[in-house]
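Work through these exercises with the model open beside you. Try each task before reading its solution.

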Amino acid sequence: PEFSILVIGGDGIGPEVTAEATAVLDVISTHPKSRAAFKLLPRLFGGCSIDAHGTPVTDEVLETGRKADAILMGAVGGPKWDGMRRGFEGPEGATLRLRDVTQVYANLRPCEYFAAGNSPLRDELVRGAKFIVLRENCGGPFYGPKEETPDYASDLWSYKRSEIERIARMAAHLALSSASPKKTVTSCDKANVLASSRLWRKVVQETIEKEFPEVEIVHQLADSATTLMMMRPTLFNGVILADNTFGDILSDLAGVIPGTLGVLPSACLADIPAQKWGDDPVKGFYEPVHGSAPDIAGKGIANPIGAILSVALMLRYSFGMEEEAAAVEKAVNSTLDAGFRTKDMRGTTSTKDMGSLVREALQQL
Ligand code: NAI
Ligand code: MG
């Protein structure tokens, strides 16, 4: 089959890292054992779209995103467009609108310890850490009704049973997948003080226990989870499940483990991942965790690994191409193991060289 992918380079280092990520797709589709073709649909989006079209996202791009099997994005925004930040005028508003048309409720951030000596945490502490932070992406105070006056403000932190059930199922699926080193879901909440957390804990427990008896469930208070993640990150190996707010904090915190934002990928999914090759594609939105890094844009030194690993997530979760996804991850690991590092990892390898080294390693697999 042919999968269609809306490709958004975006702003700053976005186009630089996205080019290395799409080049990986070329290697996969031209490989002798290739099982798929990719139809790339590159579009302007964010600041560059404001410059070209006067809007951060045109209706045509939203429509392309709605129809595409998956979306790959670099990053958007930068100082040039900072004045437009509010509402849907600026680059970030465009990202929210695109997410909205794709109905993605699950945000996944795999986090792993990659390269010796790069984490600010002690090496013996982080070695072997490997988990997926799964953040509920539609509920909670981010999107609830808001009240705002000069002297009073409130955000409604609410969850429906059905919203918790679907994210709990997603967590269990991920824990059982080969991407997770353990069949464990650690669910983080504040059930000691928040009513929404009490429902969260109850529904997570009931759903997973009933539908996925082979998955181990651990409940952890979200505040102490932050300390534990820094002191004993391997305790969380498996899946960390959290609501929108706690998941936001825990997923950013997890970035400490590899020691640079540049290597972290992310996925936003609209449904339970494709279980195998040949299943219908699952709509997904894939992007590195980092932003447009205006401080290093145009210098050719950005780390493309977060973007490349985002492509691995796309292959795995949208297209059911586990073998190819694992091969991309292996190629990244062997390139790092061989000692190649971009500047954010205290090395001298350029963006382009890092990309071609990973592709060479991939071709040999
Ligand atoms: P940032 O992630 O762009 O940069 C933070 C620091 O990390 C910078 O020193 C940067 O040089 C470094 N860095 C980030 N990615 C790197 C990579 N791949 N390789 C090497 N070094 C890397 O975050 P910041 O500075 O807060 O935001 C810059 C702009 O990006 C802002 O306009 C912000 O709104 C936007 N942004 C966009 C996101 C998106 O489109 N998803 C996400 C986060 C920020
Ligand atoms: Mg955040």
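**Exercise 1. Two residues with positive phi**

Locate Arg346 and decide whether it is buried or exposed.

Solution. Start with its place: Arg346 lies in the loop between α11 (322–337) and α12 (351–363). Helices (H or I, at least four residues) and strands (E, at least two) are DSSP runs, numbered from the N terminus. Next, the backbone: Arg346 has a positive phi of about 65 degrees, although it is not a glycine. Last, count neighbours. A residue is buried if 20 or more other C-beta atoms lie within 10 Å of its own, exposed if 12 or fewer, and partly exposed in between, with C-beta atoms placed from the backbone. Arg346 has 12 C-beta neighbours inside 10 Å, so it counts as exposed.

Before going on, note the ground rules. This is a predicted model, in which local features need pLDDT of at least 70 and side-chain atom pairs count only at pLDDT 80 or more, while totals for chains, interfaces and linings use all residues. Residues are numbered from 1 along each chain as its sequence is written, and chains are lettered from A and ligands numbered from 1 in the order in which they are written.

Now do the same for Ala293: buried or exposed?

Solution. Ala293 sits in the loop between β12 (284–288) and α10 (305–318). Its phi is near 40 degrees, a positive value in a residue other than glycine. Ala293 has 22 C-beta neighbours inside 10 Å, so it counts as buried.

**Exercise 2. The sheet**

Give the strand order of the open sheet, and find which strands stand at the edges.

Solution. Two strands pair if DSSP finds at least two bridges between them. The 10 strands run in the order β2-β1-β3-β12-β11-β4-β5-β10-β8-β9, with mixed pairing. β2 (37–43) and β9 (216–221) stand at the edges; each has a single partner strand, so one side of each lacks a neighbour in the sheet. Neighbouring strands are turned by 20 degrees against each other on average, direction ignored. At the β2 edge, β1 (residues 2–10) pairs with β2 in the parallel sense over 7 bridges. There, Val7 stands opposite Pro42 in β2.

**Exercise 3. Strand β4**

How many residues of β4 are buried, and which strands pair with it?

Solution. First, burial: 7 of the 7 residues of β4 are buried, so the strand is largely enclosed by the rest of the structure. Then take the faces. In a regular strand the side chains alternate between the two faces of the sheet. One side of β4 holds Ala106, Leu108, Pro110 and Glu112, the other Asn107, Arg109 and Cys111, and all are buried. Finally, the partners. β4 and β5 pair antiparallel over 7 bridges, and Ala106 stands opposite Glu136 in β5. β4 also runs antiparallel to β11 (residues 265–269), joined by 3 bridges. Here Asn107 has Cys268 as its bridge partner.

**Exercise 4. Helices α8 and α9**

At what angle do the axes of α8 and α9 cross, and which residues make the contact?

Solution. Axes are lines fitted to C-alpha atoms, for helices over the stretch in contact, and angles run from 0 to 180 degrees between N-to-C directions. The axes of α8 (residues 222–231) and α9 (residues 244–254) come within 11 Å and cross at roughly 5 degrees. That makes α8 roughly parallel to α9 (angles under 35 degrees count as roughly parallel, over 145 as roughly antiparallel, 65 to 115 as roughly perpendicular and the rest as oblique). Contact requires C-beta atoms, placed from the backbone, within 7 Å. α8 contributes Ala222, Ala225, Thr226 and Met229; α9 contributes Phe246, Leu250, Leu253 and Ala254.

Technical notes. Contact = placed C-beta atoms within 7 Å.
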